[in-house]
Amino acid sequence: MLLQLQLLRLHLFGWVLVFSLTPLVLHAQSGGKFDQADKFRQLEELLPTPNGFRTGSGAPGPQYWQQQVNYDIDVRLDDENQKLFGKEVITYRNNSRDTLRYLWLQLDANIRRPNSEAQLAATSSGIDRMSFKQLQGMMVRRVFDGGIDITRCVDASTNQPLEYTIVKTMMRVDLPNPLPPGGTFEFGVDWNYRINNARLIRGRSGFEYFPEDGNYIYEMAQWFPRLCAYTDVTGWQHKQFLGRGEFTLEMGDYVVRITVPSDHVVASTGVLMNPDQVLTVQQRQRLEQAKNAKEPVFIVTPGEALANETSTPNGERTWVFKADQVRDFAFASSRKFIWDAVQHNVGQKPVMAMSFYPKEGEPLWSRYSTHAIVHTLNVYSRYTFDYPYPVAISVNGPVGGMEYPMICFNGPRPEKDGTYSARTKYGLISVIIHEVGHNYFPMIVNTDERQWTWMDEGLNTFLQFLSEQEWEEGYPSRRGEPADIVGFMGSTNQVPIMTNSESLLQFGANAYAKPATALNILRETILGRELFDFAFKEYARRWKFKRPMPADFFRTMEDASGVDLDWFWRGWFYSTDHVDLAIAGVRRLNIDTADPNVEKTLRRTERGRQPETLSSDRNKPLAKYVDAFPGLKDFYNEYDPLDVTAKDREVYEKFVESLSNEERALLQSKQHFYLIDIKNVGGLVMPIILQLFYEDGSSEVLTYPAEIWNKNNELITKLIILEKPIASIILDPRLETADVDLGNNFYPPKIEKSRFQLFKDSRDKPNPMREQRAADSEASGGEGGEQ
């Protein structure tokens with residue numbers, strides 16, 4: 001698109017400014033197009049109606065409720081056969097207004113049955129290459145049965161069997177009597193299942209085998225039958241577990257006794273209740289030292305972990321953990337673990353930050369893991385609420401990155417020689433920040449992951465970006481900056497963020513990067529840091545240990561900031577529009593002084609600047625007919641409409657006499673008026689940010705709110721009045737809006753620069769005859785060949 005500056009004059013008369021340019025583009029949209037493209041239509045028709053449970057402000061209502069589920073669990077890890085045996089007593093309190101006739105439990109491990117719905121529904125986009133490990137994993141999944149076997153389900157008060165029905169990854173337990181509002185029911189479940197090799201059957205849980213020393217690391221998650229959430233929004237949330245949509249759970253208190261081989265070290269959700277029975281005197285002393293240390297202290301040293309690798313267990317030990325007000329429970333166990341710890345105060349609350357890892361994680365893990373935990377707690381707590389739990393743990397094992405209350409699993413390791421790449425280093429720090437950060441979203445702000453992935457992954461990735469940027473100068477964050485999302489935003493194979501987890505396309509970009517970037521833009525460009533940080537913290541405070549829905553987030557952010565953001569949620573979360581704003585035209589106007597000496601001189605000068613056409617130049621030598629007959633020439637052959645006449649001066653003098661002093665001052669104004677046309681190519685409305693470079697070498701940035709598009713979201717014209725002339729303009733100069741095409745952001749248009757490589761032509765082509773002759777020659781000792 002060729003952009004050319006149009007120089008125009010504007011005439012002043014009476015009290016109205018009239019521009020010598022028609023038509024202007026400030027037109028209304030016509031027909032049915034307006035409704036379809038109304039970017040500022042309010043969301044109330046899409047959001048649920050506020051009620052006593054959830055208010056129109058986005059806060060929990062006076063009648064808000066949620067269920068309470070407590071667990072008392074005994075679990076035994078069979079290290080010889082890689083099996084898990086468990087029994088639990090579940091106490092379910094019905095805080096809803098409904099009478100319940102049955103309860104639904106999640107049996108997540110059933111996803112690992114060969115005939116699971118996740119397996120049968122999996123599709124392929126074709127295969128052109130595959131690693132041996134990938135193929136081995138596919139073959140194992142065809143036969144490995146890692147589903148949960150329920151061996152007992154009883155009423156805890158009578159020990160009578162309960163009727164139950166397993167529906168894929170869900171289990172319905174029929175109650176002996178209806179459970180009224182406020183009622184409590186206790187029941188017991190026994191189960192067992194085979195633990196998957198997580199290096200072959202990937203997932204959020206499993207074991208890793210180390211053939212060099214014959215040992216295992218177990219990272220156990222989704223390992224016990226857990227209650228489904230029952231909410232005011234969905235009733236029972238029992239959407240089947242297909243792998244992508246994670247978990248929707250109830251808050252509760254846990255006591256868990258974990259029995260493992262005597263030489264294992266266990267990391268777990270909760271507080272260790274019996275250190276005297278499972279730790280040595282030295283290890284307990286080191287834990288005390290860690291409470292006052294400035295750097296992490298080894299609780300289990302590398303030497304002790306190495307000795308454990310070759311030890312023979314003398315029976316089993318039971319580690320007892322207690323965790324209050326958590327929505328889930330996970331643990332890890334291995335004789336290979338090195339363990340380090342340091343106590344860190346978050347607000348006034350002491351938190352033990354700890355890391356567990358094998359020697360294969362060194363030297364990377366002892367250097368960075370626990371420090372990354374501490375840093376995460378500091379930053380996240382500043383933007384939300386003080387971390388409420390007593391421990392925060394990072395474990396290295398086969399799971400690449402997964403989060404649970406107080407504990408997370410993280411995969412990056414150095415090379416075998418102890419060296420590591422920058423990607424591995426920052427990958428470890430980032431995944432620890434991300435997974436520890438999940439304690440806030442969704443472990444405490446307890447969102448429905450099965451339905452809305454973005455509500456935890458997107459918000460968490462946003463805070464991860466803020467934390468990474470506070471780790472060190474120039475931290476190589478992968479997500480958060482608007483410029484990093486433009487490839488995805490401009491792609492066609494995508495769905496809105498507000499899409500069920502299992503139906504998302506380009507999962508990582510859609511559920512992690514796009515919402516994180518949107519929030520960063522909202523913070524930096526739309527609201528500003530002060531307003532955003534207050535509103536975001538208010539959302540976290542309101543829904544701490546409660547279950548928000550998308551509308552609660554949207555409404556709270558508007559309620560606490562005082563800014564209507566429906567256009568923002570509609571564009572970024574409910575559509576696949578992208579940002580592509582373009583400078584479509586620039587016109588400069590100056591006030592017409594009405595003085596004929598000034599105006600006609602300017603017009604004559606402008607006329608003289610007009611290029612001579614090719615035909616006119618070539619026609620000059622031609623003989624002209626009127627030159628042969630001079631009598632044909634009259635007044636108009638000498639007349640120049642740009643000559644100043646006495647009449648012109650008289651009209652001007654009368655005009656000036658009619659003006660007040662203020663009007664005369666306006667008439668003599670030297671200001672420059674610019675009409676700048678901005679076209680919305682991508683469809684997503686955003687603020688317009690213009691950097692103006694003036695002819696005197698100075699510059700300034702002008703920002704116009706997104707509401708500039710509220711009457712026409714395709715093309716707007718902005719009039720700006722300046723003291724000096726513009727030399728050039730850049731749209732979105734600091735890359736704030738995720739604009740996918742920067743080529744149309746410049747006036748005058750910018751020559752795009754790039755580079756290309758030169759290479760030599762190669763004449764070598766596959767030649768089987770030559771290769772066979774070479775092989776024959778080598779086989780015969782180098783002799784022979786053509787004679």
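Okay, before anything else, one definition: when I say two strands pair, I mean DSSP finds at least two bridges between them. With that in hand, here's a first example: Leu 105 stands opposite Leu 227 in strand E12. Keep in mind throughout that what we're looking at is a predicted model.

So where does that pair sit? Strand E5 covers residues 100-106, and E12 is residues 226-227. The two run antiparallel and share two bridges. E5 also has another partner, strand E8, residues 170-179. Those two are antiparallel as well, with six bridges joining them. If you want one spot to click on, take Gln 106, whose bridge partner in E8 is Met 170. And as a quick reminder, strands of a sheet pair through backbone hydrogen bonds, either parallel or antiparallel.

Is E5 enclosed or open? Well, five of its seven residues are buried, so the strand is largely enclosed by the rest of the structure.

While we're in this area, have a look at His 238. You'll find it in the loop between strand E14, residues 235-237, and E15. What does His 238 touch, if we ignore its neighbours within four places in sequence? The answer is Trp 104, Met 170 and Cys 228. Met 170 is the residue we just met as the partner of Gln 106. His 238 has a relative accessibility of 33%, so it counts as partly exposed. Now compare it with Ser 381: the two are 143 residues apart in sequence, and their C-alpha atoms are 32 Å apart in space.

Let's zoom out to the whole protein. The secondary structure adds up to 22 helices and 32 strands. Now, how spread out is it? The radius of gyration is 36 Å, well over the 28 Å that the globule rule gives for 787 residues, so the protein is more spread out than a compact globule. If you draw a box around the C-alpha atoms along the principal axes, you get roughly 130 × 100 × 50 Å.

On the inside, buried residues make up 50% of the 787. Of the contacts with a separation of 6 or more, 76% are between residues 24 or more positions apart. On the outside, about 38,600 Å² is exposed, and carbon and sulfur atoms supply 51% of that. As for charge, there are 88 positive and 104 negative side chains, and the centres of those two sets lie 1 Å apart.

Next, a sheet. Seven strands form an open one with mixed pairing, and the order is E6-E9-E4-E3-E15-E19-E17. Which strands are at the edges? Those are E6, residues 149-155, and E17, residues 271-272, and each pairs on one side only. Further in, E3, residues 68-78, lies alongside E15, residues 252-261; they're parallel, with six bridges. There, Asp 72 is opposite Val 255.

Now over to the helices. H15, residues 566-573, is mostly covered, with eight of its eight residues buried. Among them are Trp 567, Trp 569 and Trp 572, and also the charged-type names Asp 566 and Arg 570. What do these buried residues pack against? Four helices: H10 (454-469), H11 (486-489), H12 (507-526) and H14 (550-561).

Two of those neighbours lead us to some backbone oddities. Generally speaking, most residues other than glycine have a negative phi, and most peptide bonds are trans. Gln 506, in the loop between H11 and H12, isn't a glycine, yet it has a positive phi of about 50 degrees. Its relative accessibility is 34%, so it counts as partly exposed. Phe 545 also has a positive phi, about 65 degrees, and it sits in the loop between helix H13 (529-542) and H14. Is Phe 545 buried or exposed? Its relative accessible area is 13%, and the cut-off for buried is under 20%, so Phe 545 is buried.

Last, the cis peptide bonds. One runs from Phe 441 to Pro 442, with omega near 15 degrees, and Pro 442 is in helix H9, residues 439-444. Another joins Tyr 747 and Pro 748, with omega about -10 degrees. Pro 748 lies in the loop between strand E32 (746-747) and helix H22 (768-779).

That's the tour, thanks for listening.

Conventions: Residues numbered from 1 in each chain as written. Predicted model: local features only at pLDDT ≥ 70, side-chain atom pairs only at ≥ 80, totals over all residues. Heavy atoms only, no water. Buried < 20%, exposed > 50% of the residue type's maximum accessible area, 1.4 Å probe, protein only. Rg over C-alpha atoms; globule rule 2.2 N^0.38 Å. Contact = heavy atoms within 4.5 Å. Areas by Shrake-Rupley, 256 points an atom, 1.4 Å probe, with all protein chains shown as cover. Charge placed at Lys NZ, Arg CZ, Asp CG, Glu CD.
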